[in-house]
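This report introduces a protein chain to a reader who has not met it before. It begins with a term needed for the reasoning, and then turns to the strands, the sheets and the surface.

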Amino acid sequence: TEQRVEFFAPGEDRLAFGRSTWHPTGFLVDKDKARGLYRMAFDMQWRGVLGVDASRIERARVYSVQGNQTLNVDKGPEVWVERDTGRQIPGIDITLWRLKELRVEAEPETRLAYPAELRLVLELFGKDPKPLSVFSFYVDPRLPAGQCWLKPGQEEAYYPVGTQIIEDLLGHLPPRAHKPAPPVAAAGEQRKP
C-alpha cells in the first residue's frame with residue numbers, strides 16, 4: 001500500500017505541520033528536519049546497472065581502446081584463466097561483483113559529445129558465442145572526479161558511474177608489448193659508401 005508524508009511550512013515559524021498515512025490528524029516538526037526528509041524520485045529508485053545473473057557468466061573479454069589491449073578469460077573451477085596463455089587471473093570475480101554493485105550517480109544521458117571518448121569495453125559470455133552483456137565505458141573530463149559514463153549493451157543511455165570498475169578491469173589486462181628497438185650497426189662495422 002502507498003505511504004505518504006506531507007509537510008506544510010506556513011510563515012516564518014521554525015515548525016512545520018506534517019501529516020502522514022500513519023498520523024492523518026497531523027504533527028509538528030522542526031522545518032530543518034522536514035527538509036532533511038525530502039527526497040527526489042531519483043534518490044528513491046534502485047540504481048543498479050547489471051541485470052545479468054553472474055552465475056551464468058563463463059567467460060569475458062576486456063578491450064582497452066586506448067591501449068589497444070585485449071584480455072580473454074575463461075572461468076575455471078577456482079580461478080579465471082587467460083585463454084591465450086593459461087595465466088591465472090585472480091580478482092575477476094571481485095571485479096564482476098563490483099560491476100553488479102555499480103550505482104548510477106545521476107540521470108542518464110541519451111548522447112555523448114566531445115570530449116567524451118570510449119575507453120574500455122567489457123563483454124560477458126555464457127555458453128553461447130553471443131555475449132550475455134556488453135558494457136562500454138567512456139571517460140569524460142566534464143564529469144565529476146571519479147566518474148565515467150557506462151553504456152549497457154544496445155541501450156541509447158549513458159549512465160554516470162564510479163571509475164573504480166575501469167581501474168579494476170585495466171589492472172587485469174596483459175602488459176603491452178614493447179616495440180623492438182631499431183637495429184643498431186654493430187661497433188666496428190663500417191657503412192659502405
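## A term and a first strand

A residue counts as buried when its relative accessible area is under 20%, as exposed when that area is over 50%, and as partly exposed in between. The model discussed here is predicted, and this cut-off is what the reading of strand 10 rests on. In strand 10, which spans residues 147-152, six of the six residues are buried, so this strand is largely enclosed by the rest of the structure.

In a regular strand the side chains alternate between the two faces of the sheet. Both faces of strand 10 are covered, since Gln147, Trp149 and Lys151 are buried on one side, while Cys148, Leu150 and Pro152 are buried on the other.

## The neighbours of strand 10

Strands of a sheet pair through backbone hydrogen bonds, either parallel or antiparallel. Strand 9, made of residues 131-139, runs antiparallel to strand 10 and is joined to it by four bridges; within this pairing, Tyr138 stands opposite Trp149 of strand 10.

Strand 11, residues 159-162, is likewise antiparallel to strand 10, and four bridges join the two. Leu150 has Tyr159 of strand 11 as its bridge partner, and Cys148 is partnered by Val161 in strand 11. Between the two strands of this hairpin lie six residues, and Gly153 in the hairpin takes a positive phi near 55°.

## The sheet of eight strands

Strand 10 belongs to an open sheet of eight strands, which follow the order 7-6-5-4-8-9-10-11 with antiparallel pairing. Its edges are formed by strand 7 (88-89) and strand 11, each of which pairs on one side only. Helix 4, residues 164-172, packs on this sheet and touches several of its strands, among them strand 4 (59-64), strand 5 (69-75), strand 8 (117-125) and strand 10. The direction of helix 4 makes about 70° with that of strand 8.

## The sheet of three strands

Another open sheet consists of three strands in the order 1-2-3, again with antiparallel pairing. Strand 1 and strand 3 (27-30) stand at its edges with a single partner strand each, so one side of each is left without a neighbour in the sheet. From one strand to the next, the twist averages 35°. Strand 2, residues 15-20, is joined to strand 3 by four bridges, the two running antiparallel, and Gly18 has Phe27 of strand 3 as its bridge partner.

## A nonpolar patch on the surface

Which residues form a nonpolar patch on the surface? The patch is formed by Phe8, Leu15, Phe17 and Leu28, which together have about 360 Å² of accessible area. Phe8 lies in strand 1, residues 5-8, and is partly exposed, with a relative accessible area of 36%.

## The protein as a whole

The protein has four helices and 11 strands, and 35% of its 193 residues count as buried. Among its contacts with a separation of 6 or more, 47% come from residues 24 or more positions apart. The accessible surface of the protein comes to about 13600 Å², and 53% of that surface belongs to carbon and sulfur atoms.

Technical notes: Residues numbered from 1 in each chain as written. Predicted model: local features only at pLDDT ≥ 70, side-chain atom pairs only at ≥ 80, totals over all residues. Heavy atoms only, no water. Buried < 20%, exposed > 50% of the residue type's maximum accessible area, 1.4 Å probe, protein only. Pairing = 2+ DSSP bridges. Contact = heavy atoms within 4.5 Å. Areas by Shrake-Rupley, 256 points an atom, 1.4 Å probe, with all protein chains shown as cover. Axes fitted to C-alpha atoms, helices over the stretch in contact; angles between N-to-C directions. Patch = residues over 30% accessible without salt bridge, like charges linked within 9 Å, V, L, I, M, F, W, Y side chains within 5 Å. Salt bridge = Lys/Arg side-chain N within 4 Å of Asp/Glu carboxyl O.
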